[in-house]
There are 4 protein chains.
Amino acid sequence: MKDTIGIGLIGTGYMGKCHALAWNSVKAVFGDGPRPRLVHLAEVSADLAAGRAGEFGFARSTGDWRALIADPQVDVVSVTTPNAFHAEMAIAALEAGKHVWCEKPMATAFADAERMAAAAKASGKVAILGYNYIQNPLIRHIGKLLEQGTIGTVNHVRVEMDEDFMADPEALFYWKSEASSGYGALDDFAVHPLSLLHVLFGGVARVMTHMAKPYADRPLREGGRRPVETYDIANVLFELDNGASGVLSVNRSAWGRKGRIALQVFGSKGSIVYDQERMNELQLYTTSDNATEQGYRTILSAPHHPPYDRFIPAPGHGLGFNDLKIIEAHELLQAIAGRPARVIDFAQGLEIERTVHAMARSHEERAWVEV
Amino acid sequence: MKDTIGIGLIGTGYMGKCHALAWNSVKAVFGDGPRPRLVHLAEVSADLAAGRAGEFGFARSTGDWRALIADPQVDVVSVTTPNAFHAEMAIAALEAGKHVWCEKPMATAFADAERMAAAAKASGKVAILGYNYIQNPLIRHIGKLLEQGTIGTVNHVRVEMDEDFMADPEALFYWKSEASSGYGALDDFAVHPLSLLHVLFGGVARVMTHMAKPYADRPLREGGRRPVETYDIANVLFELDNGASGVLSVNRSAWGRKGRIALQVFGSKGSIVYDQERMNELQLYTTSDNATEQGYRTILSAPHHPPYDRFIPAPGHGLGFNDLKIIEAHELLQAIAGRPARVIDFAQGLEIERTVHAMARSHEERAWVEV
Amino acid sequence: MKDTIGIGLIGTGYMGKCHALAWNSVKAVFGDGPRPRLVHLAEVSADLAAGRAGEFGFARSTGDWRALIADPQVDVVSVTTPNAFHAEMAIAALEAGKHVWCEKPMATAFADAERMAAAAKASGKVAILGYNYIQNPLIRHIGKLLEQGTIGTVNHVRVEMDEDFMADPEALFYWKSEASSGYGALDDFAVHPLSLLHVLFGGVARVMTHMAKPYADRPLREGGRRPVETYDIANVLFELDNGASGVLSVNRSAWGRKGRIALQVFGSKGSIVYDQERMNELQLYTTSDNATEQGYRTILSAPHHPPYDRFIPAPGHGLGFNDLKIIEAHELLQAIAGRPARVIDFAQGLEIERTVHAMARSHEERAWVEV
Amino acid sequence: MKDTIGIGLIGTGYMGKCHALAWNSVKAVFGDGPRPRLVHLAEVSADLAAGRAGEFGFARSTGDWRALIADPQVDVVSVTTPNAFHAEMAIAALEAGKHVWCEKPMATAFADAERMAAAAKASGKVAILGYNYIQNPLIRHIGKLLEQGTIGTVNHVRVEMDEDFMADPEALFYWKSEASSGYGALDDFAVHPLSLLHVLFGGVARVMTHMAKPYADRPLREGGRRPVETYDIANVLFELDNGASGVLSVNRSAWGRKGRIALQVFGSKGSIVYDQERMNELQLYTTSDNATEQGYRTILSAPHHPPYDRFIPAPGHGLGFNDLKIIEAHELLQAIAGRPARVIDFAQGLEIERTVHAMARSHEERAWVEV
């Protein structure tokens with residue numbers, strides 16, 4: 001294995017910063033693999049790029065992302081720009097022979113996502129999507145419990161994702177309420193629960209969706225109000241490929257919810273409950289316990305839930321949201337090294353996108369839709 | 001007002017015992033209204049009836065429920081027999097000029113429920129259903145908060161009811177898995193969340209249902225296995241009459257859940273969360289709090305949430321499930337006295353039944369159904 | 001066994017009502033034992049007594065408690081008057097050959113408590129104190145877990161009891177802030193945790209106490225302020241007879257706490273956590289669980305935690321505070337019938353009082369005191 | 001301000017790794033201040049040092065920590081070696097004109113801590129201790145709430161710190177059970193709660209301590225058992241300089257507790273509850289809420305609780321334990337730049353050590369001790 005690997009980063013918003021933090025920390029946390037060299041950073045202007053490169057520790061910067069992709073020192077390209085740019089940049093990077101770490105969702109149009117998956121396949125390079133929630137050691141542990149049959153055969157799943165950043169009815173109308181931005185909560189949120197379903201259970205077979213607008217219109221800066229075109233709420237009945245039934249609910253106008261991704265998994269021998277707002281806790285109920293002492297166990301994340309141990313040697317001290325991105329960077333490096341890795345690649349990501357679009361079509365048709 | 005009121009009780013299973021406890025306690029708890037005289041108790045055999053009458057404190061007993069209804073000392077009849085008997089007994093009691101307190105659901109067939117509602121209307125007597133969860137002082141307080149606009153205009157509701165008494169796949173097949181017993185979780189459970197929706201928000205306009213069987217078959221005592229005919233799981237997308245969207249999920253095979261009725265209400269200024277398993281707690285999030293201190297408040301039931309004060313003068317000491325039935329008895333006595341009362345009468349109960357049947361039809365038709 | 005037993009009740013405040021509710025319900029709940037006949041009720045005036053007798057269902061009433069004690073129809077006397085009257089009434093009742101159910105604490109002076117214990121011993125009658133918290137089926141289950149060694153050998157105990165009825169510094173000065181009322185939180189609260197320690201672990205060997213006044217003075221109705229003479233806060237280091245170390249904290253000025261009695265028990269193989277504010281939940285951590293799945297289990301009260309089953313046949317539906325008094329009444333009837341019963345009798349109650357007084361002496365002497 | 005600052009790190013155990021992670025990330029997280037240059041790493045052997053330097057990103061490495069201190073490129077020295085080495089290294093670094101970031105506790109002997117504080121004072125350099133828990137944005141917010149008087153005047157504080165790494169009675173005897181290692185839980189844990197008390201309330205005036213050994217002896221690898229010489233449990237009654245009463249409990253044999261630091265603060269207008277095991281949540285009860293809606297609010301950490309915003313722009317997504325060290329590094333850089341900083345310097349750290357030693361003396365003397 002090479003001792004180092006060259007990193008390019010396009011975009012320096014929140015996710016760009018997250019990638020930068022991950023690239024800065026992954027070697028110190030895990031100790032193995034190549035040391036990332038922070039080679040090149042691109043932003044919309046050369047000035048902004050230079051400033052951020054100084055903060056994030058990148059050696060070079062540019063206002064032209066194509067220069068970054070052309071940089072022979074760059075081995076991996078982090079794409080963290082707005083969704084509309086993902087396809088063009090990711091495909092260009094793959095065609096230039098780079099590995100790609102692209103933020104989700106893949107693209108705003110399904111056809112673009114298909115092109116991305118095709119480009120990834122053609123390139124032979126590693127191309128993954130930034131589904132960080134699957135990297136939580138406790139989500140990994142849920143997967144292990146399911147494999148071990150700790151709760152028996154799963155027959156029912158409920159998952160909710162709720163935040164409140166669109167909950168204020170008097171917040172000004174902005175692009176997220178325009179139809180051009182997509183369906184609404186469905187594309188903003190649904191991909192995350194779907195990524196969890198994907199790694200834990202596999203694909204979704206069919207869906208029945210209902211979307212709703214909590215607020216008919218929102219105020220304009222210039223006065224007056226404009227009708228809202230997107231749906232801040234979506235609820236979906238579904239069946240998994242494995243036959244289990246389920247419900248998915250997403251709401252970006254849910255006052256009080258800040259980062260809730262609540263999962264309930266029911267099996268023939270127990271159940272598992274998880275909420276991202278308490279990402280270091282897992283609830284497990286199992287019928288193997290003595291009857292009078294059965295109850296949900298609150299399991300705190302600990303070194304025996306890898307790779308928590310790479311961060312902290314003591315249990316119950318808590319990982320943070322940004323730590324998930326460090327794990328993701330490590331999994332990407334594993335994939336690049338040809339080792340088994342827990343990632344959602346472009347092919348798998350395309351299935352998630354396909355499911356989201358099927359959900360939207362179900363709402364329009366008011367009917368069940370096969371994914 | 002008369003000083004006393006004569007009580008007849010038919011049935012002495014769990015709900016019969018609950019009614020007996022309520023009739024024994026209501027005067028001591030509330031102090032007002034007539035003192036219930038426990039006049040007559042009916043069971044399937046005279047011996048059983050006599051034994052229970054001794055335990056429950058009834059003066060007379062009978063193996064013939066028609067004798068109880070004919071008893072001129074009886075003013076109110078508690079009907080707590082299996083659902084299949086409700087219609088016949090309730091209608092007979094009403095026709096005999098008695099008030100009726102009938103356990104839910106009304107009947108196994110919708111036509112029977114219609115006949116009950118008609119009989120109640122014709123009788124001019126008070127006829128109510130035993131929807132006890134609506135009597136929780138905290139549910140009443142949620143209603144008050146909604147009326148006051150504390151969380152603004154409600155736009156989304158989620159409600160779940162889950163228990164695990166059918167969760168063991170190796171439990172013997174019994175009548176609850178036979179189609180003759182009804183749809184399954186839908187009639188066992190859905191009426192309870194619907195009673196909450198009814199008192200808090202009004203009616204349900206349309207529904208889209210998916211029902212599921214967690215286990216295809218169950219073992220028979222005599223060996224072999226028999227296919228399960230009912231659905232232990234049901235999930236429903238809905239719209240309320242007031243336009244809010246919602247999801248209802250019920251599951252009687254949900255390992256780990258014992259008495260969960262989880263309600264999430266989202267409004268334009270806040271949200272409310274409640275779970276019957278912690279029936280003395282209410283979660284309120286309101287945007288009127290200072291931004292940096294916003295968070296769900298865990299409000300403990302207290303004397304300022306009437307009628308908690310009639311039970312305990314100190315806050316946070318906790319009511320129990322059986323206490324709800326005492327409150328219900330008191331509301332019934334209020335209704336009989338012609339005062340405003342928080343009850344679900346036969347006419348309102350019929351609307352709940354109508355909704356349940358619409359839900360089942362939606363599943364069969366795989367389509368939205370107007371209630 | 002006689003079919004019925006005659007009940008006399010002195011006092012109709014909160015605890016009087018609780019006793020009345022318990023006497024009205026115990027037979028219907030448990031089914032066994034004699035039926036209580038509500039014979040005689042005494043209050044400070046004949047009018048008040050008559051009114052309450054009507055509400056509570058007592059046949060006779062009196063303004064003279066000695067008349068009640070002289071009533072040959074009365075077999076058991078419930079004493080629920082202010083603490084200062086306990087000794088005189090309980091001793092008179094015992095001397096009249098009645099069983100006694102006296103509210104805690106025993107008396108305001110230790111010498112009175114000693115006389116009560118002596119009278120109980122001399123009488124040969126059953127004389128118990130109203131320590132209701134020990135009657136929670138989950139507290140009983142904790143005892144069973146300890147006996148079974150589920151958490152190994154207990155080596156440390158922490159217990160807190162907190163409410164906020166004295167937390168407002170601007171609430172008017174009243175008798176609870178006068179030295180004549182006792183020490184403060186120590187006698188108001190400490191007896192309850194001590195009753196739990198008593199039934200779960202046995203006696204307290206030695207104590208080291210610090211008491212504190214959160215507010216130096218309080219306003220008088222007539223204007224001005226008066227220095228507070230009692231201690232709303234007390235903290236005690238202790239060692240149990242069995243050698244385990246512990247801490248007891250009580251605070252009646254603890255804003256936000258309504259009925260908190262929080263117990264933490266640490267053993268060599270696990271730990272148990274309980275809070276009376278969630279009286280239907282028990283937390284158990286045991287090292288017998290697989291390491292990666294160890295965590296506190298939230299065990300909900302259920303029929304397999306007797307006598308929950310006598311109230312509700314379904315798990316997780318919840319008992320209430322008043323239900324504990326019904327269980328207590330049943331235990332008293334068991335004791336009267338000569339059966340094993342879970343009660344704190346006057347002799348045991350005296351040990352609890354002795355411990356409280358030792359705690360107070362420790363504060364004065366600023367030194368460890370042997371109980 | 002200089003653009004960069006040179007970092008030396010001595011020790012690469014858990015805390016060494018934490019420092020390395022913080023130095024790698026602080027610039028990218030905060031954007032301001034000098035960029036840390038990872039100059040020199042020291043370990044007990046040159047080989048180990050070289051390996052860790054590669055992982056952590058340090059340019060040079062050495063098996064001789066004095067070489068690191070002599071390195072003119074090093075501006076700040078992180079001291080993360082075992083406690084016994086702190087004094088010698090920190091003093092040498094200060095005398096060499098370096099700033100020092102030393103892990104807590106200061107030293108094993110109080111005299112050493114005094115020498116460290118003197119050296120810091122003499123040097124004119126910044127010398128701080130690694131009390132990371134005070135850096136939690138929510139602890140900072142508690143401080144702000146206290147300053148604003150949100151809960152009025154504080155009159156009572158309880159704090160517990162519990163873990164279970166010594167809870168297994170059959171774990172082999174090791175150095176932590178030897179008297180030479182210190183008192184036990186008191187020095188392992190008490191400094192952390194004291195750091196919180198220090199930043200929130202100021203100093204401790206007097207203490208009354210009881211220490212306990214949950215296990216009298218532990219097995220030896222070579223067979224047999226050896227008496228335990230240290231105290232895994234300590235409980236302390238105390239009074240703060242400001243007059244408030246309090247209790248501190250620490251237990252390193254507390255099965256089930258993993259990283260609990262539970263704080264309860266009671267004031268005249270409300271209360272605050274916090275537990276490090278849920279480090280992204282804060283409980284606030286305030287009497288300014290409408291009476292019927294008062295309850296503990298669960299406030300999730302969010303961008304309006306700085307410097308959470310430097311990590312994540314969305315609320316409720318959660319910081320981790322390691323993030324606190326990044327904040328600490330930033331505060332250290334602020335202090336070095338001469339700006340106000342939230343740190344515990346050697347002078348303040350000495351007061352914490354003084355308090356711990358007073359606690360131990362109180363146990364020996366079985367008496368209150370003035371700090």
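**Exercise 1. Polar contacts between chain D and chain B**

Task: In this predicted model, determine how many residue pairs are in polar contact across the interface of chain D and chain B, and which elements of chain D supply residues to that side.

Solution. Step 1: the rule finds 10 residue pairs in polar contact across the interface, both residues at pLDDT 80 or more. Step 2: on the side of chain D that touches chain B, α6 (137–148) and β16 (296–300) each supply at least two residues. Step 3: β16(D) gives the most to this side, with four residues. Step 4: sorted by class, this side of chain D has five nonpolar, seven polar and three charged residues.

**Exercise 2. Extent of the contact**

Task: State how many residues each chain brings to the contact of chain D and chain B, and what area the two chains bury between them.

Solution. Step 1: chain D and chain B each bring 15 residues. Step 2: the two chains bury about 1,200 Å² between them, and 49% of this lies on carbon and sulfur atoms. Step 3: of the area that chain D buries against chain B, 46% comes from Thr292(D), Glu293(D) and Arg297(D), more than from any other three residues.

**Exercise 3. Charges and strands across the interface**

Task: Find which residue of chain B forms a salt bridge with Arg297(D), and in which sense the β16 strands of chain B and chain D pair.

Solution. Step 1: two salt bridges are counted between chain D and chain B. Step 2: one salt bridge joins Arg297(D) to Asp289(B), with the closest N and O atoms 3.4 Å apart; the cut-off is 4 Å. Step 3: β16 of chain B (residues 296–300) and β16(D) pair in the antiparallel sense over three bridges. Step 4: within β16(D), Thr298(D) is the bridge partner of Tyr296(B).

**Exercise 4. An aromatic pair in chain A**

Task: Decide whether the rings of Trp23(A) and Trp101(A) are stacked or edge-to-face.

Solution. Step 1: the ring centres of Trp23(A) and Trp101(A) are 5.3 Å apart, and centres within 6.5 Å make a pair. Step 2: the planes stand at 90 degrees, so the pair is edge-to-face; the class requires over 60 degrees. Step 3: Trp23(A) lies in helix α1 (residues 14–30) and Trp101(A) in strand β5 (residues 99–102), so that the pair links distant parts of chain A, 78 residues apart. Step 4: over all chains, the count comes to 32 aromatic pairs.

**Exercise 5. A salt bridge within chain B**

Task: Identify where Asp188(B) and Arg252(B) lie in chain B.

Solution. Step 1: Asp188(B) and Arg252(B) form a salt bridge, their closest N and O atoms being 3.1 Å apart. Step 2: Asp188(B) is in helix α7 (residues 185–189), whereas Arg252(B) is in the loop between β12 (245–251) and β13 (260–267), 64 residues apart. Step 3: the structure holds 120 salt bridges over all chains.

Methods. Residues numbered from 1 in each chain as written. Chains lettered and ligands numbered in written order. Predicted model: local features only at pLDDT ≥ 70, side-chain atom pairs only at ≥ 80, totals over all residues. Heavy atoms only, no water. Contact = heavy atoms within 4.5 Å. Buried area = accessible area lost by both parts, 1.4 Å probe. Salt bridge = Lys/Arg side-chain N within 4 Å of Asp/Glu carboxyl O. Polar contact = N/O pair within 3.5 Å; in protein donor to acceptor, adjacent residues only side chain to side chain. Nonpolar A, V, L, I, M, F, W, Y, C, P; charged D, E, K, R; others polar. Pairing = 2+ DSSP bridges. Phe/Tyr/Trp six-rings, centres within 6.5 Å; stacked < 30°, edge-to-face > 60°.
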